[in-house]
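Open the model in your viewer and get ready to select a few residues at a time. This short tour tells you where to click next and what you will find there.

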Amino acid sequence: MSIPANTVLLFQRALHLWVSLHLLTALPAMEELWLDPLSPPHPMGGPRYTLVHAFGSWLPVRAAPVVLACTLLVALWGVVRPLRWWLSLPLWAGYSSLMNLAFMASSGGQQLMANLLFWNVLLCLERSGHATWVGATGFWIIRLQLLLAYAATGLHKLTGTHWLDGTAMGIVAGDPAFGPAWLTGFPLLAKSMTWAVLVFQLTFPVAVWWRRTRLPWMAFGAVFHLGTALWLGIPEMGAAFIAAYAIWLSNNESGAVLRCYRWRQAVSVPAT
């Protein structure tokens, strides 16, 4: 089974760009996050836990600076050149360990990226000459991971009341820590936005299978995630989901994006 090479290349560059920017923007707070972390010791750890769980952490504090530097350098290299599996594997281990060392400051976007980095190792294995099914397995698991994230979030909202009665966005907008405060003056607009987000998250796992709905749903998702980055103060989470969108683009669509940024395209394969 062939997988779209340009799609994989674009996704991996977006993945590594996210990791690079996340670590670079976190450097001013590195003492609180990693050198003298405010988070208490992680309740689970050990090398075995790291190997079998994408969110595992075994990193001792004294090793954090070295791991941080190496992880950042590998991620930056991955933005420029495709990584081999023997670089992707320590990239995942280093990133997930750093994330869990400061787990009280982590978000759903960071956890999503830890998962994607783990399965991305399979995509890199195929480049090293392994069987095609290895890369295809990683490709489809990554695709389904994004859909599961939206489905789980949407279904969880159905268990409450504020998303169903349309008041959720108004409540968030009225919180001085978030906003935008002006939205509270337009209750009908706040309700419409609340229900639009709920419908978007519940229907995204279905809409992405067809091009006519995939691109509009992704455009709405990009606006939604940029809004959460601006008003909720979680830019890394919004950027993580937008970066993951690349895995659902076709080979031709990914090639067009790569050409826009003058990045080298991969060998063409049939679009999906």
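A word on the naming of helices before the start: a helix here is a DSSP run of H or I with at least four residues, and helices are numbered from the N terminus. Asn115, for instance, lies in helix α6, which covers residues 108–127. Keep in mind throughout that you are looking at a predicted model.

**The whole chain**

Colour the protein by secondary structure. You will see 12 helices and zero strands, so the pattern along the sequence reads α-α-α-α-α-α-α-α-α-α-α-α under the helix rule given above. Of the 272 residues, 45% count as buried.

**Stop 1: Asn115 and Gln12**

Go back to Asn115 in α6 and show its side chain. Is Asn115 buried or exposed? With a relative accessible area of 14%, Asn115 is buried, because the cut-off for buried is under 20%. Now add Trp119: the side chains of Asn115 and Trp119 make a polar contact at 3.0 Å.

Next, select Gln12, which has its place in helix α1. Gln12 counts as buried, at 2% relative accessibility. Which side chain does the side chain of Gln12 contact? Show Asn120, and you will find a polar contact of 2.9 Å between the two side chains. Then add Ala243. Gln12 and Ala243 are 231 residues apart along the chain, while their C-alpha atoms are separated by 9.1 Å.

**Stop 2: the largest pocket**

Keep Ala243 selected and add Ala14, Trp18, Leu21 and Ala239. Among the 32 residues that line the largest pocket, these five lie nearest its centre. The space in this pocket comes to about 820 Å³.

Which helices should you colour to see the walls? At least two lining residues come from each of α1 (5–26), α2 (30–35), α5 (85–101), α10 (211–231), α11 (235–244) and α12 (251–260). The largest share, nine residues, is supplied by α1. Colour the lining by residue type and you will count 26 nonpolar residues, four polar and two charged.

**Stop 3: the second largest pocket**

The second largest pocket has a volume of about 630 Å³. Its lining has 26 residues, and those to select for a view of its centre are Met169, Val197, Phe224, Thr228 and Leu232, the closest to that point. Helices α7 (132–157), α8 (168–173), α9 (187–207), α10 and α11 each give at least two residues to this lining. Here α10 makes the largest contribution, with seven residues. By type, the lining of the second largest pocket holds 18 nonpolar residues, seven polar and one charged.

**Stop 4: aromatic rings**

Now show the side chains of Phe, Tyr and Trp. A search of the whole structure finds 15 aromatic pairs. Start with Trp182 and Phe186: their ring centres are 6.3 Å apart and their planes stand at 70 degrees, so this pair is edge-to-face. Trp182 is partly exposed, with a relative accessible area of 48%, and Phe186 is also partly exposed, with a value of 48%.

Move on to Trp209 and Trp248. How far apart are the centres of their rings? The distance is 4.8 Å and the planes are at 75 degrees, so this pair is edge-to-face too. Trp209 sits in the loop between α9 and α10 and Trp248 in the loop between α11 and α12, so the pair ties together parts 39 residues apart in sequence. Trp209 is partly exposed at 41% relative accessibility, whereas Trp248 is buried at 2%.

Leave Trp248 on screen and add Arg143. Arg143 lies over the face of Trp248, at 4.3 Å from the ring centre. Show Trp140 as well, since Arg143 also lies over the face of that ring, at 5.0 Å from its centre.

For a wider view, select Tyr150, Phe200, Phe204, Phe220, Phe224, Phe241 and Tyr245, which form one aromatic cluster. Phe224 will be familiar from the second largest pocket, where it is one of the residues closest to the centre.

**Stop 5: a cis peptide bond**

Finish at Pro180, in the loop between α8 and α9. Most peptide bonds are trans. Look at the bond from Gly179 to Pro180: this one is cis, with omega near 0 degrees.

Notes. Residues are numbered from 1 along each chain as its sequence is written. This is a predicted model: local features need pLDDT of at least 70, side-chain atom pairs count only at pLDDT 80 or more; totals for chains, interfaces and linings use all residues. Side-chain values use heavy atoms; hydrogens and water are left out. On a 1 Å grid over the protein atoms alone, a cavity is a set of points where a 1.4 Å probe fits but cannot get out, and a pocket is an open set with protein on both sides within 12 Å along at least five of seven lines; lining residues have an atom within 4 Å of a point. Grid points are joined across faces, edges and corners, and a volume is the space filled by probe spheres set on the points. Ala, Val, Leu, Ile, Met, Phe, Trp, Tyr, Cys and Pro count as nonpolar, Asp, Glu, Lys and Arg as charged, and the others, Gly among them, as polar. Buried means under 20% relative accessible area, exposed over 50%, partly exposed in between (1.4 Å probe, protein chains only). A polar contact is a pair of N or O atoms within 3.5 Å; within protein, one must be able to donate a hydrogen and the other to accept it, and residues adjacent in sequence count only if both atoms are side-chain atoms. Rings of Phe, Tyr and Trp (its six-membered ring) pair if their centres lie within 6.5 Å; planes under 30 degrees apart count as stacked, over 60 as edge-to-face and the rest as tilted. A charge sits over a ring if NZ of Lys or CZ of Arg is within 6 Å of the ring centre and within 35 degrees of the ring normal.
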